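Biologist: I'm new to this one. Can you walk me through it, bit by bit?

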Amino acid sequence: NLDLFVIGFDNHIWTTFWNQDNGWNADWFPVQGQAVFDRDKQQVAAVSRAGGNLDLFVIGFDNHIWTTFWAEHAADRPWAVILCRFQGEAADANREAPVASFFREVFTPGTGGLVEYWRDVSLGSVDVTGSRVFDWVEIDIPRIKAGGIGREALIDAAIRAAQLRGDDPLSGFHSQIAVYPHNWAKEGAPPDADWSDPVWGQYWIDGSADGRGKVCLTPPFNGNITAHEMGHGFGMNHDVGPDLTTASDYSDPACIMSQNGSFLLTPWDVGFGPALCLPHLVEKNWLFPGRLYVDDSPWMSVGATVPLAPVTHPEARANLGIRLRNTRADPAWDYYLEYCIPAGWDQGVPGGPYLLIRRMVDIPGTGQRPAYLMALQFDQVVGAGATGVEPSGNVRFTVEVTALPGPILRVIAEAL
(Lines give C-alpha, C1' and ligand atoms only; values in the text may rest on other atoms or scores of the structure.)
Protein backbone atom coordinates (compact mmCIF):
# COMPACT_ATOMS: atom_id res chain seq x y z
CA ASN A 1 0.00 0.00 0.00
CA LEU A 2 1.03 3.58 -0.72
CA ASP A 3 -0.67 6.79 0.47
CA LEU A 4 0.12 10.24 -0.94
CA PHE A 5 -0.75 13.58 0.69
CA VAL A 6 -0.48 17.14 -0.60
CA ILE A 7 -1.87 20.59 0.22
CA GLY A 8 -4.16 21.46 -2.69
CA PHE A 9 -4.86 24.74 -4.43
CA ASP A 10 -7.80 25.16 -2.03
CA ASN A 11 -5.37 24.84 0.93
CA HIS A 12 -7.06 21.61 2.08
CA ILE A 13 -5.07 18.38 2.38
CA TRP A 14 -5.76 15.95 -0.47
CA THR A 15 -4.85 12.28 -0.70
CA THR A 16 -4.84 9.29 -3.01
CA PHE A 17 -3.58 5.74 -2.68
CA TRP A 18 -2.26 2.63 -4.45
CA ASN A 19 -2.61 -1.01 -3.50
CA GLN A 20 -1.43 -4.24 -5.05
CA ASP A 21 -4.89 -5.50 -5.95
CA ASN A 22 -6.33 -2.46 -7.70
CA GLY A 23 -3.43 -0.15 -8.49
CA TRP A 24 -3.92 3.60 -8.16
CA ASN A 25 -7.23 5.06 -6.99
CA ALA A 26 -9.12 6.82 -9.78
CA ASP A 27 -8.62 10.35 -8.42
CA TRP A 28 -7.45 12.46 -5.51
CA PHE A 29 -9.94 13.31 -2.75
CA PRO A 30 -9.85 15.68 0.26
CA VAL A 31 -8.95 14.44 3.71
CA GLN A 32 -11.95 14.82 6.03
CA GLY A 33 -12.25 18.10 7.92
CA GLN A 34 -12.38 21.82 7.17
CA ALA A 35 -8.90 22.96 8.28
CA VAL A 36 -6.76 24.76 5.69
CA PHE A 37 -3.00 25.30 5.43
CA ASP A 38 -0.48 27.37 3.45
CA ARG A 39 0.14 25.45 0.22
CA ASP A 40 3.03 27.74 -0.75
CA LYS A 41 5.07 27.40 2.46
CA GLN A 42 4.09 24.17 4.19
CA GLN A 43 4.27 20.45 3.49
CA VAL A 44 2.49 17.48 5.05
CA ALA A 45 4.47 14.94 7.06
CA ALA A 46 2.93 11.45 7.14
CA VAL A 47 3.94 8.75 9.62
CA SER A 48 2.75 5.16 9.97
CA ARG A 49 3.54 4.20 13.57
CA ALA A 50 1.88 0.78 13.26
CA GLY A 51 -0.07 -1.30 10.78
CA GLY A 52 -3.50 0.21 10.16
CA ASN A 53 -2.53 3.70 11.38
CA LEU A 54 -1.53 6.96 9.71
CA ASP A 55 -0.66 10.27 11.39
CA LEU A 56 -0.38 13.57 9.51
CA PHE A 57 1.43 16.70 10.74
CA VAL A 58 1.59 20.21 9.27
CA ILE A 59 2.37 23.73 10.52
CA GLY A 60 -0.80 25.85 10.46
CA PHE A 61 -1.35 29.51 9.66
CA ASP A 62 -1.12 30.16 13.42
CA ASN A 63 2.41 28.60 13.47
CA HIS A 64 1.18 25.78 15.70
CA ILE A 65 1.63 22.14 14.68
CA TRP A 66 -1.65 20.58 13.55
CA THR A 67 -2.30 16.87 13.34
CA THR A 68 -4.94 14.36 12.39
CA PHE A 69 -4.96 10.58 12.20
CA TRP A 70 -6.48 7.58 10.52
CA ALA A 71 -7.07 4.22 12.14
CA GLU A 72 -8.22 1.24 10.12
CA HIS A 73 -11.90 0.44 10.69
CA ALA A 74 -12.29 2.90 13.61
CA ALA A 75 -15.06 4.86 11.91
CA ASP A 76 -16.31 2.22 9.47
CA ARG A 77 -20.11 2.12 9.22
CA PRO A 78 -20.87 0.64 5.77
CA TRP A 79 -24.49 -0.03 4.81
CA ALA A 80 -26.06 -2.76 2.68
CA VAL A 81 -28.54 -1.21 0.24
CA ILE A 82 -30.94 -3.77 -1.29
CA LEU A 83 -32.95 -2.83 -4.40
CA CYS A 84 -36.30 -4.61 -4.27
CA ARG A 85 -39.05 -5.79 -6.59
CA PHE A 86 -42.25 -7.34 -5.33
CA GLN A 87 -43.12 -10.97 -6.03
CA GLY A 88 -44.03 -11.44 -9.67
CA GLU A 89 -43.15 -7.86 -10.61
CA ALA A 90 -41.46 -7.46 -13.98
CA ALA A 91 -38.31 -5.43 -14.38
CA ASP A 92 -38.99 -1.84 -15.46
CA ALA A 93 -35.88 -0.03 -16.65
CA ASN A 94 -37.62 3.34 -16.84
CA ARG A 95 -38.55 3.17 -13.17
CA GLU A 96 -35.61 1.20 -11.80
CA ALA A 97 -32.56 2.55 -13.63
CA PRO A 98 -32.67 6.07 -12.07
CA VAL A 99 -33.15 4.55 -8.61
CA ALA A 100 -30.21 2.17 -8.96
CA SER A 101 -28.02 4.90 -10.43
CA PHE A 102 -28.79 7.31 -7.59
CA PHE A 103 -27.97 4.91 -4.78
CA ARG A 104 -24.83 3.55 -6.46
CA GLU A 105 -23.52 7.05 -7.02
CA VAL A 106 -24.30 8.59 -3.63
CA PHE A 107 -22.65 5.67 -1.81
CA THR A 108 -19.49 5.92 -3.97
CA PRO A 109 -16.57 7.86 -2.42
CA GLY A 110 -15.59 11.01 -4.25
CA THR A 111 -19.02 11.81 -5.71
CA GLY A 112 -19.90 14.35 -3.01
CA GLY A 113 -22.81 12.20 -1.89
CA LEU A 114 -23.56 10.33 1.33
CA VAL A 115 -19.98 9.17 1.95
CA GLU A 116 -18.81 12.77 2.12
CA TYR A 117 -21.97 13.87 3.90
CA TRP A 118 -21.53 11.52 6.86
CA ARG A 119 -17.78 12.12 6.97
CA ASP A 120 -18.34 15.87 7.22
CA VAL A 121 -21.35 16.11 9.53
CA SER A 122 -19.95 13.52 11.98
CA LEU A 123 -16.60 15.36 11.97
CA GLY A 124 -14.85 12.22 10.75
CA SER A 125 -16.50 9.86 13.24
CA VAL A 126 -18.57 7.98 10.64
CA ASP A 127 -17.27 6.50 7.37
CA VAL A 128 -19.84 4.73 5.19
CA THR A 129 -17.20 3.83 2.59
CA GLY A 130 -17.60 0.18 1.71
CA SER A 131 -21.37 0.40 1.50
CA ARG A 132 -22.70 -1.93 -1.17
CA VAL A 133 -25.77 -1.56 -3.37
CA PHE A 134 -27.15 -5.06 -4.05
CA ASP A 135 -28.81 -5.44 -7.45
CA TRP A 136 -32.55 -5.94 -7.76
CA VAL A 137 -33.99 -8.88 -5.85
CA GLU A 138 -37.53 -10.26 -5.94
CA ILE A 139 -39.03 -10.52 -2.47
CA ASP A 140 -41.58 -13.17 -1.42
CA ILE A 141 -44.44 -10.68 -0.95
CA PRO A 142 -46.66 -9.48 -3.82
CA ARG A 143 -47.16 -5.76 -4.09
CA ILE A 144 -50.87 -5.91 -3.31
CA LYS A 145 -50.08 -7.45 0.09
CA ALA A 146 -47.29 -4.96 0.97
CA GLY A 147 -49.60 -2.25 2.26
CA GLY A 148 -49.94 -1.96 6.00
CA ILE A 149 -47.53 -4.78 6.89
CA GLY A 150 -44.97 -2.35 8.31
CA ARG A 151 -41.40 -1.40 7.52
CA GLU A 152 -39.84 -4.22 9.55
CA ALA A 153 -41.55 -6.90 7.45
CA LEU A 154 -40.46 -5.20 4.23
CA ILE A 155 -36.86 -4.93 5.40
CA ASP A 156 -36.75 -8.56 6.49
CA ALA A 157 -38.20 -9.64 3.13
CA ALA A 158 -35.41 -7.76 1.35
CA ILE A 159 -32.73 -9.44 3.46
CA ARG A 160 -34.28 -12.89 2.87
CA ALA A 161 -34.39 -12.33 -0.89
CA ALA A 162 -30.74 -11.26 -1.03
CA GLN A 163 -29.69 -14.26 1.05
CA LEU A 164 -31.74 -16.63 -1.12
CA ARG A 165 -29.82 -15.36 -4.14
CA GLY A 166 -26.56 -16.13 -2.36
CA ASP A 167 -25.68 -12.59 -1.21
CA ASP A 168 -24.79 -11.66 2.36
CA PRO A 169 -26.22 -8.24 3.29
CA LEU A 170 -25.53 -8.75 7.01
CA SER A 171 -21.87 -9.61 7.57
CA GLY A 172 -19.59 -6.59 7.73
CA PHE A 173 -22.36 -4.01 7.43
CA HIS A 174 -23.52 -1.54 10.05
CA SER A 175 -27.13 -1.94 8.92
CA GLN A 176 -29.42 -2.43 5.92
CA ILE A 177 -31.57 -0.25 3.65
CA ALA A 178 -34.37 -1.85 1.65
CA VAL A 179 -35.37 0.25 -1.38
CA TYR A 180 -38.85 -0.10 -2.92
CA PRO A 181 -39.77 2.12 -5.90
CA HIS A 182 -43.48 2.28 -4.95
CA ASN A 183 -45.44 4.19 -2.32
CA TRP A 184 -48.64 2.20 -2.64
CA ALA A 185 -49.64 -1.46 -2.82
CA LYS A 186 -51.76 -0.67 -5.87
CA GLU A 187 -52.11 2.10 -8.42
CA GLY A 188 -54.64 4.93 -8.28
CA ALA A 189 -53.88 6.70 -5.00
CA PRO A 190 -54.94 10.39 -4.95
CA PRO A 191 -51.98 12.80 -5.12
CA ASP A 192 -52.63 14.15 -1.61
CA ALA A 193 -53.15 10.76 0.08
CA ASP A 194 -50.79 9.50 2.78
CA TRP A 195 -50.65 6.81 5.47
CA SER A 196 -53.47 8.49 7.44
CA ASP A 197 -55.98 8.42 4.58
CA PRO A 198 -59.08 6.48 5.77
CA VAL A 199 -59.38 4.67 2.43
CA TRP A 200 -55.83 4.48 1.12
CA GLY A 201 -53.96 4.08 4.40
CA GLN A 202 -54.27 0.28 4.18
CA TYR A 203 -52.28 0.34 0.92
CA TRP A 204 -49.47 2.57 2.20
CA ILE A 205 -46.00 1.00 1.80
CA ASP A 206 -44.24 2.05 4.96
CA GLY A 207 -40.89 3.73 4.25
CA SER A 208 -38.89 4.73 7.32
CA ALA A 209 -36.45 3.38 9.91
CA ASP A 210 -37.58 0.57 12.18
CA GLY A 211 -36.75 0.19 15.86
CA ARG A 212 -33.71 -1.96 15.06
CA GLY A 213 -31.78 0.68 13.14
CA LYS A 214 -32.65 -0.78 9.75
CA VAL A 215 -34.33 1.29 7.03
CA CYS A 216 -37.04 0.92 4.38
CA LEU A 217 -37.07 3.63 1.71
CA THR A 218 -39.82 4.50 -0.76
CA PRO A 219 -40.06 7.46 -3.20
CA PRO A 220 -38.97 10.20 -3.32
CA PHE A 221 -35.32 9.20 -3.16
CA ASN A 222 -32.91 11.91 -2.08
CA GLY A 223 -30.03 12.58 0.29
CA ASN A 224 -32.14 14.39 2.88
CA ILE A 225 -34.53 11.50 3.53
CA THR A 226 -31.85 8.82 3.21
CA ALA A 227 -29.48 10.55 5.64
CA HIS A 228 -32.32 11.21 8.10
CA GLU A 229 -33.28 7.52 8.20
CA MET A 230 -29.61 6.51 8.43
CA GLY A 231 -29.39 8.89 11.41
CA HIS A 232 -31.94 6.69 13.17
CA GLY A 233 -29.69 3.76 12.31
CA PHE A 234 -26.83 5.57 14.07
CA GLY A 235 -29.00 5.88 17.19
CA MET A 236 -30.35 9.42 16.83
CA ASN A 237 -33.94 10.50 17.42
CA HIS A 238 -36.09 13.33 16.08
CA ASP A 239 -35.62 16.87 17.38
CA VAL A 240 -38.57 18.54 19.08
CA GLY A 241 -39.56 22.17 19.63
CA PRO A 242 -40.07 24.54 22.57
CA ASP A 243 -43.10 22.60 23.84
CA LEU A 244 -40.70 19.70 24.60
CA THR A 245 -43.14 17.06 23.32
CA THR A 246 -43.28 14.73 20.32
CA ALA A 247 -46.14 16.86 18.98
CA SER A 248 -43.40 19.22 17.76
CA ASP A 249 -41.22 16.59 16.07
CA TYR A 250 -39.15 17.92 13.16
CA SER A 251 -38.93 21.45 14.64
CA ASP A 252 -35.21 22.18 14.33
CA PRO A 253 -34.36 24.52 11.43
CA ALA A 254 -30.82 23.17 10.98
CA CYS A 255 -30.60 19.46 11.76
CA ILE A 256 -30.98 16.39 9.57
CA MET A 257 -33.04 14.72 12.31
CA SER A 258 -35.73 17.34 11.62
CA GLN A 259 -35.20 17.25 7.82
CA ASN A 260 -35.52 21.04 7.51
CA GLY A 261 -33.05 23.20 5.60
CA SER A 262 -32.25 20.98 2.62
CA PHE A 263 -30.88 22.21 -0.72
CA LEU A 264 -30.59 20.80 -4.24
CA LEU A 265 -27.23 19.11 -4.77
CA THR A 266 -25.79 18.51 -8.23
CA PRO A 267 -25.47 16.29 -10.17
CA TRP A 268 -28.60 14.65 -8.76
CA ASP A 269 -30.63 17.84 -8.25
CA VAL A 270 -32.43 16.41 -5.23
CA GLY A 271 -32.45 17.47 -1.61
CA PHE A 272 -29.43 17.00 0.64
CA GLY A 273 -28.56 18.40 4.06
CA PRO A 274 -28.67 19.95 6.54
CA ALA A 275 -25.93 18.82 8.94
CA LEU A 276 -26.33 17.57 12.52
CA CYS A 277 -27.17 19.85 15.42
CA LEU A 278 -24.76 20.33 18.33
CA PRO A 279 -26.70 18.23 20.91
CA HIS A 280 -26.54 15.19 18.61
CA LEU A 281 -22.79 15.70 18.08
CA VAL A 282 -22.21 15.91 21.82
CA GLU A 283 -24.50 12.99 22.59
CA LYS A 284 -22.67 10.78 20.06
CA ASN A 285 -19.25 12.04 21.25
CA TRP A 286 -18.49 13.19 17.71
CA LEU A 287 -17.48 16.78 18.51
CA PHE A 288 -13.73 17.39 18.45
CA PRO A 289 -12.21 16.90 21.93
CA GLY A 290 -11.75 20.09 23.91
CA ARG A 291 -13.89 22.23 21.59
CA LEU A 292 -17.04 22.37 23.76
CA TYR A 293 -17.15 25.15 26.35
CA VAL A 294 -18.86 23.82 29.49
CA ASP A 295 -20.07 25.88 32.47
CA ASP A 296 -21.92 23.82 35.06
CA SER A 297 -23.14 26.67 37.26
CA PRO A 298 -21.06 29.86 37.83
CA TRP A 299 -22.40 31.64 34.76
CA MET A 300 -25.84 31.91 36.34
CA SER A 301 -24.52 34.33 38.96
CA VAL A 302 -21.73 36.15 37.12
CA GLY A 303 -22.70 35.70 33.46
CA ALA A 304 -20.53 34.24 30.70
CA THR A 305 -18.78 35.74 27.67
CA VAL A 306 -17.53 33.06 25.30
CA PRO A 307 -15.99 33.08 21.79
CA LEU A 308 -17.83 30.73 19.42
CA ALA A 309 -17.08 29.54 15.87
CA PRO A 310 -19.20 27.36 13.55
CA VAL A 311 -18.68 23.62 13.92
CA THR A 312 -17.61 23.65 10.26
CA HIS A 313 -14.63 25.90 11.06
CA PRO A 314 -12.39 23.93 13.45
CA GLU A 315 -9.42 26.00 12.28
CA ALA A 316 -10.87 29.01 14.14
CA ARG A 317 -9.32 29.63 17.55
CA ALA A 318 -12.61 29.47 19.42
CA ASN A 319 -15.07 26.99 20.88
CA LEU A 320 -17.23 25.04 18.43
CA GLY A 321 -20.10 24.72 20.90
CA ILE A 322 -21.26 26.00 24.29
CA ARG A 323 -23.03 24.04 27.02
CA LEU A 324 -24.42 25.98 29.97
CA ARG A 325 -26.15 24.21 32.86
CA ASN A 326 -29.40 25.78 34.05
CA THR A 327 -29.18 24.94 37.78
CA ARG A 328 -32.30 26.97 38.63
CA ALA A 329 -34.40 24.29 36.96
CA ASP A 330 -35.43 21.13 38.82
CA PRO A 331 -34.11 18.90 37.48
CA ALA A 332 -31.28 20.95 36.00
CA TRP A 333 -30.79 20.93 32.23
CA ASP A 334 -28.24 22.27 29.76
CA TYR A 335 -28.39 24.95 27.08
CA TYR A 336 -26.55 24.07 23.86
CA LEU A 337 -25.45 27.07 21.78
CA GLU A 338 -24.37 26.69 18.16
CA TYR A 339 -23.22 29.23 15.57
CA CYS A 340 -24.86 28.23 12.28
CA ILE A 341 -23.92 29.75 8.94
CA PRO A 342 -25.73 28.91 5.65
CA ALA A 343 -22.78 27.12 4.01
CA GLY A 344 -21.64 23.58 3.27
CA TRP A 345 -24.28 21.03 4.23
CA ASP A 346 -26.21 23.85 5.96
CA GLN A 347 -26.41 26.01 2.83
CA GLY A 348 -30.14 25.36 2.59
CA VAL A 349 -30.88 26.74 6.07
CA PRO A 350 -32.85 29.92 5.32
CA GLY A 351 -32.12 33.32 6.79
CA GLY A 352 -28.85 32.62 8.60
CA PRO A 353 -26.49 33.17 10.21
CA TYR A 354 -27.95 32.29 13.59
CA LEU A 355 -27.08 31.56 17.16
CA LEU A 356 -29.19 28.44 17.66
CA ILE A 357 -30.30 27.80 21.24
CA ARG A 358 -31.27 24.26 22.19
CA ARG A 359 -31.47 21.88 25.12
CA MET A 360 -31.90 18.15 25.70
CA VAL A 361 -35.19 16.84 27.07
CA ASP A 362 -36.10 13.41 28.42
CA ILE A 363 -39.49 12.49 26.95
CA PRO A 364 -41.08 9.45 28.63
CA GLY A 365 -41.23 6.52 26.27
CA THR A 366 -38.91 8.04 23.70
CA GLY A 367 -35.77 8.96 25.65
CA GLN A 368 -33.45 11.93 25.30
CA ARG A 369 -34.09 14.30 22.41
CA PRO A 370 -32.65 17.63 21.31
CA ALA A 371 -35.17 20.45 21.65
CA TYR A 372 -34.92 23.62 19.56
CA LEU A 373 -35.81 26.62 21.74
CA MET A 374 -35.06 29.75 19.70
CA ALA A 375 -32.62 31.45 17.35
CA LEU A 376 -30.93 34.84 17.24
CA GLN A 377 -30.53 36.04 13.65
CA PHE A 378 -27.94 38.68 12.75
CA ASP A 379 -25.94 40.08 9.84
CA GLN A 380 -22.51 38.59 9.17
CA VAL A 381 -20.83 41.99 9.53
CA VAL A 382 -18.20 42.90 12.11
CA GLY A 383 -19.92 44.65 15.00
CA ALA A 384 -23.39 43.39 14.08
CA GLY A 385 -25.32 41.30 16.56
CA ALA A 386 -28.60 40.45 18.21
CA THR A 387 -30.08 39.89 21.64
CA GLY A 388 -33.07 37.96 22.96
CA VAL A 389 -34.48 36.32 26.07
CA GLU A 390 -35.08 32.57 26.15
CA PRO A 391 -38.22 32.35 28.29
CA SER A 392 -38.06 28.80 29.67
CA GLY A 393 -34.82 29.55 31.51
CA ASN A 394 -35.27 33.35 31.69
CA VAL A 395 -31.84 33.92 30.17
CA ARG A 396 -30.76 36.82 27.95
CA PHE A 397 -28.40 35.87 25.14
CA THR A 398 -26.43 38.45 23.17
CA VAL A 399 -24.21 37.86 20.15
CA GLU A 400 -21.75 40.12 18.37
CA VAL A 401 -19.72 39.39 15.24
CA THR A 402 -16.03 39.94 15.96
CA ALA A 403 -13.17 40.78 13.62
CA LEU A 404 -11.31 37.63 14.68
CA PRO A 405 -10.62 35.16 11.84
CA GLY A 406 -12.98 32.24 11.90
CA PRO A 407 -15.65 33.67 11.75
CA ILE A 408 -16.03 34.07 15.51
CA LEU A 409 -18.93 35.36 17.58
CA ARG A 410 -18.82 36.84 21.06
CA VAL A 411 -21.67 35.17 22.97
CA ILE A 412 -22.91 36.65 26.27
CA ALA A 413 -25.28 34.73 28.53
CA GLU A 414 -27.00 36.42 31.50
CA ALA A 415 -29.47 34.74 33.83
CA LEU A 416 -32.23 37.23 34.63
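Modeller: Here is a short tour of cores, rings, a pocket and some backbone details. This is a predicted model, in which local features need pLDDT of at least 70 and side-chain atom pairs count only at pLDDT 80 or more, while totals for chains, interfaces and linings use all residues. Residues are numbered from 1 along each chain as its sequence is written, and side-chain values use heavy atoms, with hydrogens and water left out.

Biologist: Okay, which residues have the most contacts inside the largest nonpolar core?

Modeller: F103, W118 and L276, in a core of 53 residues. A nonpolar core here is a set of buried Ala, Val, Leu, Ile, Met, Phe, Trp, Tyr and Cys residues joined through side-chain atoms within 4.5 Å. Buried means under 20% relative accessible area, exposed means over 50%, and partly exposed is in between, with a 1.4 Å probe and protein chains only.

Biologist: What does L276 touch?

Modeller: Leaving out residues up to four places away in sequence, its contacts include W118, M236, I256, L281 and W286. Contact means heavy atoms within 4.5 Å. There's also a second, separate core of 27 residues, with W299, A304, L355 and A413 among them.

Biologist: Switching to rings. How many aromatic pairs are there in the whole structure?

Modeller: The search finds 22. Rings of Phe, Tyr and Trp (its six-membered ring) pair if their centres lie within 6.5 Å; planes under 30 degrees apart count as stacked, over 60 as edge-to-face and the rest as tilted. Take W118 and F234: their ring centres are 4.8 Å apart and the planes sit at 75 degrees, so that pair is edge-to-face.

Biologist: Where do W118 and F234 lie?

Modeller: W118 is in helix α2 (residues 114–121) and F234 is in the loop between α4 and β12 (263–265), so the pair ties together parts that are 116 residues apart in sequence. Helices (H or I, at least four residues) and strands (E, at least two) are DSSP runs, numbered from the N terminus.

Biologist: Is that W118 buried or exposed?

Modeller: W118 is buried, with a relative accessible area of 0%. F234 counts as buried because its relative accessibility is 6%.

Biologist: How are the rings of F272 and W345 arranged?

Modeller: Their centres are 6.3 Å apart and their planes are at 35 degrees, so this pair is tilted. F272 lies in strand β13 (residues 270–272) and W345 in the loop between β17 and β18, so the pair ties together parts that are 73 residues apart in sequence. Both F272 and W345 are buried. One aromatic cluster includes W118, F234, F272 and W345, along with W79 and F103.

Biologist: New topic: what's the volume of the second largest pocket?

Modeller: About 580 Å³. Which residues are closest to its centre? Of the 25 that line it, those are R151, G207, S208, A209 and E229. β11 (215–217) and α4 (223–233) are the elements that give two or more residues to the lining, and α4 gives the most, with five.

Biologist: How does a pocket get defined?

Modeller: On a 1 Å grid over the protein atoms alone, a pocket is an open set of points with protein on both sides within 12 Å along at least five of seven lines, where a cavity is a set where a 1.4 Å probe fits but cannot get out; lining residues have an atom within 4 Å of a point. Grid points are joined across faces, edges and corners, and the volume is the space filled by probe spheres set on the points.

Biologist: Where are the cis peptide bonds you've got?

Modeller: One runs from P219 to P220, with omega near 0 degrees, and P220 is in the loop between β11 and α4. Another joins G273 and P274, with omega about 5 degrees; P274 is in the loop between β13 and α5 (278–283). Most peptide bonds are trans.

Biologist: And what is phi of N11 near?

Modeller: Near 70 degrees, a positive value in a residue other than glycine. N11 is in the loop between β1 (2–7) and β2 (13–19), and at 18% relative accessibility N11 counts as buried. Q259 has a positive phi too, near 65 degrees, and Q259 is partly exposed at 22%.
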